[in-house]
Amino acid sequence: MRLILIGPPGAGKGTQAKFICEHFGIPQISTGDMLRAAVKAGTPLGLAAKAVMEKGQLVSDEIILGLVKERLEAPDCKNGALFDGFPRTIPQAQALADAGIPIDFVLEISVPDSEIVERMSGRRVHPASGRTYHIKYNPPKVEGKDDVTGEDLVQRDDDREEVVLKRLEVYHNQTEALVGFYTKLAESGAPNAPQYRSISGLGSIDE
Ligand code: AP5
Ligand code: ZN
C-alpha cells in the first residue's frame with residue numbers, strides 16, 4: 001500500500017499518518033520530519049534548509065527529491081509507504097510519477113484556514129519520534145512529556161503565528177494545485193493511476 005497525504009499545515013497529516021502506518025505496517029515518509037532531523041544534526045543540508053523553513057517557504061525540489069529517492073531505497077519501503085507532506089509542488093508530483101512508483105491512494109485532509117492557527121499554537125511535538133500532541137485536543141498524559149519515552153515535548157520553530165500564515169499562503173499558491181493534478185489523474189483511468197479522496201479534517205482525531 002502506497003498513499004500520499006495532502007493538506008494544509010496543521011490539517012492533521014502527521015497525526016493521521018501514525019494510525020494509517022500502524023494499520024498497514026508501512027513506514028511514514030515525512031519530508032518535514034526528515035528536514036527537521038537534518039537541522040538538528042547540523043548537516044550541510046540541515047543548515048541550508050533551516051533558514052527556508054523558519055520563513056515558512058519551501059525547500060528546493062532538488063533537495064527534496066534527493067532526500068526521498070535515498071529514503072525509498074531503504075528495505076522498509078519495499079512493501080509500501082505513506083508520504084506525509086510530499087509531493088508539495090507539481091514538479092515533485094511529476095518526478096514521483098516519472099519514477100514509476102505506483103500510488104494506491106491520494107488522501108486530501110481539508111481544514112479551513114480559520115482553524116489552523118489555533119491548532120498550531122497548541123501543538124507540541126516529540127522531535128525524536130515525530131509524535132504530535134495538542135495542549136487542548138490531544139494532551140499528553142503528563143504535561144510537557146512524551147507518552148512513550150517521557151522525554152520533553154517542544155514547540156516547532158515554524159509554529160509562530162506569522163510563519164503559520166506564510167505557510168498557509170505557500171500552501172494555497174504552490175501545493176493546492178496538486179488537488180487538480182491528482183483528481184485529473186484519478187479520472188483519467190490511466191493504468192496505475194491512484195484513487196483520490198477528500199476528507200474533512202474538522203472532526204475529532206478519532207473520527
Ligand atoms: P511539514 O512538517 O510537512 O509541515 P506542514 O505540511 O506545514 O504540516 P504540519 O506538520 O505543520 O501539520 P500536519 O498536517 O502534520 O498536522 P499535525 O498532525 O501535526 O513541513 C515543514 C516545512 O518543511 C515546510 O514549511 C517546508 O519548509 C519544508 N518541507 C517539508 N516537506 C517539503 C517538500 N516536500 N517540499 C518543500 N519543502 C518541504 O496536527 C497539527 C496540530 O493539530 C497538532 O497539535 C494536533 O494534535 C492537532 N490536531 C490534529 N488533528 C486534529 C483534529 N482532528 N482536531 C483537533 N486538533 C487536531
Ligand atoms: Zn506534519
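**Close-up views of a predicted protein–ligand model**

**Figure 1. Surroundings of ligand 1 in the predicted model.** At least two residues of the shell around ligand 1 come from each of helix H1 (13-24), helix H2 (31-41), helix H3 (44-54) and strand E6 (131-134). The residues around ligand 1 number 36, and those that come nearest are Pro9, Gly12, Gly32, Gly85 and Arg123. Sorted by class, the shell comprises 18 polar, twelve nonpolar and six charged residues. For the complex, the predictor reports an ipTM of 0.97 and a pTM of 0.95. The protein has a mean pLDDT of 95, with 100% of its residues at 70 or more.

**Figure 2. Positions annotated as "binding site" in UniProt.** According to the unreviewed UniProt entry, this annotation covers Thr31, Arg36, Gln57, Leu58, Val59, Gly85, Phe86, Pro87, Arg88, Gln92, Arg156 and Arg167. These positions span 137 residues of sequence. They are spread in space as well, with up to 24.6 Å between C-alpha atoms.

**Figure 3. The loop between E3 and H5, with Pro87 and Arg88.** Pro87 belongs to the loop that connects strand E3 (81-84) with helix H5 (90-98). The peptide bond between Phe86 and Pro87 is cis, with omega at about -10°. Is Pro87 buried or exposed? Pro87 is buried, because 25 other C-beta atoms lie within 10 Å, and a residue counts as buried at 20 or more. Beyond the residues up to four places away in sequence, Pro87 touches Gln92, Ala93, Leu96 and Leu178. Arg88 lies in this loop between E3 and H5 and is also buried, with 21 other C-beta atoms within 10 Å. Once neighbours within four places in sequence are left aside, the contacts of Arg88 are Leu58, Gln174 and Thr175. Both Pro87 and Arg88 are covered by the "binding site" annotation of the unreviewed UniProt entry.

**Figure 4. The buried face of helix H5.** Gln92, Ala93 and Leu96 are the buried residues of H5. Viewed down the axis of H5, these buried residues fall within an arc of 100°, and they therefore line one face of the helix. An α-helix has 3.6 residues a turn, so residues three or four places apart point the same way. The buried residues of H5 pack against helix H4 (61-72) and helix H8 (177-188). Gln92, Ala93 and Leu96 are also among the contacts of Pro87. Just after H5, Gly100 adopts a positive phi of about 70°.

**Figure 5. Pro140 in the loop between E6 and H7.** Pro140 is located between E6 and helix H7 (161-175), in the connecting loop. Pro140 counts as partly exposed, because 18 C-beta neighbours lie inside 10 Å, whereas a buried residue has 20 or more and an exposed one 12 or fewer. Not counting residues up to four places away in sequence, Pro140 touches Tyr133, Lys145, Asp146, Asp147 and Leu153. Gly150 is ten residues from Pro140 along the chain, and the C-alpha atoms of the two are separated by 9.8 Å.

**Figure 6. Asn192 in the loop between H8 and E7.** Asn192 is found in the loop that joins H8 to strand E7 (195-200). What is the value of phi at Asn192? Phi of Asn192 is near 70°, a positive value in a residue other than glycine. Asn192 is exposed, since 11 other C-beta atoms lie within 10 Å and the limit for an exposed residue is 12 or fewer.

Definitions and conventions
Residues numbered from 1 in each chain as written. Chains lettered and ligands numbered in written order. Predicted model: local features only at pLDDT ≥ 70, side-chain atom pairs only at ≥ 80, totals over all residues. UniProt positions renumbered as here; feature names shortened; annotations may be inferred. Helix = DSSP H or I, 4+ residues; strand = E, 2+ residues; numbered from the N terminus. Contact = placed C-beta atoms within 7 Å. Near = placed C-beta within 6 Å. Nonpolar A, V, L, I, M, F, W, Y, C, P; charged D, E, K, R; others polar. Arc of directions from axis to C-beta. pLDDT = per-residue confidence, 0-100.
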